[in-house]
Every structure is written in structure tokens, then in C-alpha cells.
Amino acid sequence: MSAEHAHLPPGVEVITTLPEATALIPAGAEARTIRVTLAPGDPGAPPHRHPGPLFGYVTQGEILFELEGQPPRILKAGDALFEPGGDVIHYQGANNLPDAQSQLVVTMFAPPGTPILTVVSEEELAERRHLRVTQP
């Protein structure tokens, strides 16, 4: 535990901090807390983007998580995640478990009235294919 967090009461733990994230929050943004529950094997939403950054935590199961410019990775219960929002494409947010539910809770910072996500067209996916990182 860092000296910065030594004063916290028992049972309170700082999991992750991202000081650089504040620069990505749009002016006048509202905070939205969103719970995503995925049935066994659910592929999640199609490729999309969010109107602002989000920070979250996997509360149950395993999520196959892929953002543009990063290789796909498996996030397990207890893992934190960050998405910058804006122009970055969120390719995958699938339940990696075929026989159990998975869940995550995120807080998104976005301009009021904007949609939580916007699906990316097949044409744009093709145009940006070079930005997708694939596993060897």
C-alpha cells in the first residue's frame, strides 16, 4: 500500500488510479454508472465507440476485451479497465465463459444526452483495419 493510501480504513482498497484520464473528460460531462451483464457465451455489442472515457471493474466472470490499437485480452473478476472513448473503436466486450454469466460495472463521463454507444459501420471498420492489433 502506498503512503498516499495508508490512511484508508480496513476493507477499503484502491485498485487502480489513472490520473491522465481527467484530460479526456469532455467539458460539462455527466457521470453515468452502467452495469453490463452478459449471458454465457454472449458476444456483447458489435464494434462501437463511446462518447467519452469510461473506467470500470469486472465484478463477475471473464470478459474478452479489445480496443483499437491494443491486442485483445481477458479481464477476470477483480480486473479494472479503461477506455478513452471518443474516436477509439471498442471491438469486443464478450463473455469469455461459455457456461457462466459475466458482469462489469463502468462509469462513463459523457456529454448529457449522448448515446452510451454508437455502432461502427462495416465501411469504417474496413478503413481502420490497419489500426487493429491482432494476436500472433
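Strand E3, residues 54–60, pairs with strand E8 in the antiparallel sense, over 6 bridges. I start there, and I should say at once that this is a predicted model. One pair of residues shows how the two strands line up: Phe55 has Thr107 in E8 as its bridge partner.

E8 has a second partner. Strand E1, residues 30–38, also pairs with E8 in the antiparallel sense, this time over 9 bridges. Here, Val36 stands opposite Leu104 in E8.

Now the interior. Which residues of the largest nonpolar core touch the most other members? The core has 13 residues, and the answer is Val58, Ile63, Phe65, Leu81, Leu104 and Val106. The elements that contribute two or more residues to this core are E1, E3, E8 and strand E4, which spans 62–67. E8 gives the most, with 4 residues. As background, nonpolar side chains in soluble globular proteins tend to be buried together.

Take Val106 as an example of the surroundings. Setting aside neighbours within four places in sequence, Val106 is in contact with Arg32, Thr33, Ile34, Leu54, Phe55, Gly56 and Leu81. Two of these names come up elsewhere in this talk: Phe55 is the residue bridged to Thr107, and Leu81 is among the core residues that touch the most other members.

Next, charges. In general, side chains of opposite charge can pair when their charged atoms come close. How many salt bridges does the structure hold? There are 8. I will go through three of them.

The first is between Glu30 and Arg32, with the closest N and O atoms 2.9 Å apart. Glu30 counts as partly exposed, at 31% relative accessibility. Arg32 counts as buried because its relative accessibility is 11%, and buried means under 20%.

The second joins the side chains of Asp87 and Arg49, at 3.4 Å from N to O. Asp87 is in the loop between strand E6 (80–83) and strand E7 (90–95), while Arg49 is in strand E2 (residues 48–49), so this pair ties together parts that are 38 residues apart in sequence. Is each partner buried or exposed? Asp87 is partly exposed at 45% relative accessibility, whereas Arg49 is buried, with a relative accessible area of 15%.

The third is between Lys76 and Glu62, where the closest N and O atoms are 3.9 Å apart. Lys76 belongs to strand E5 (residues 73–76) and Glu62 to strand E4, so the pair links parts that are 14 residues apart in sequence. Lys76 counts as partly exposed, at 45% relative accessibility. Glu62 is buried, with a relative accessible area of 19%.

Some salt bridges share partners, and through them Arg49, Glu68, Asp87, Glu124 and Arg128 are joined into one network. The Asp87 and Arg49 pair described above has both of its residues in that network.

Last, the surface. Which residues form a nonpolar patch there? They are Ile116, Leu117 and Val119, and together they have about 230 Å² of accessible area. Ile116 sits in the loop between strand E8 (102–110) and strand E9 (118–119). With a relative accessible area of 40%, Ile116 is partly exposed.

To recap on E8: this strand pairs with E1 and with E3, and E8 gives the most residues to the largest nonpolar core. The loop that holds Ile116 lies between E8 and E9.

Key
Residues numbered from 1 in each chain as written. Predicted model: local features only at pLDDT ≥ 70, side-chain atom pairs only at ≥ 80, totals over all residues. Heavy atoms only, no water. Patch = residues over 30% accessible without salt bridge, like charges linked within 9 Å, V, L, I, M, F, W, Y side chains within 5 Å. Areas by Shrake-Rupley, 256 points an atom, 1.4 Å probe, with all protein chains shown as cover. Salt bridge = Lys/Arg side-chain N within 4 Å of Asp/Glu carboxyl O. Buried < 20%, exposed > 50% of the residue type's maximum accessible area, 1.4 Å probe, protein only. Pairing = 2+ DSSP bridges. Core = buried A, V, L, I, M, F, W, Y, C linked by side-chain atoms within 4.5 Å. Contact = heavy atoms within 4.5 Å.
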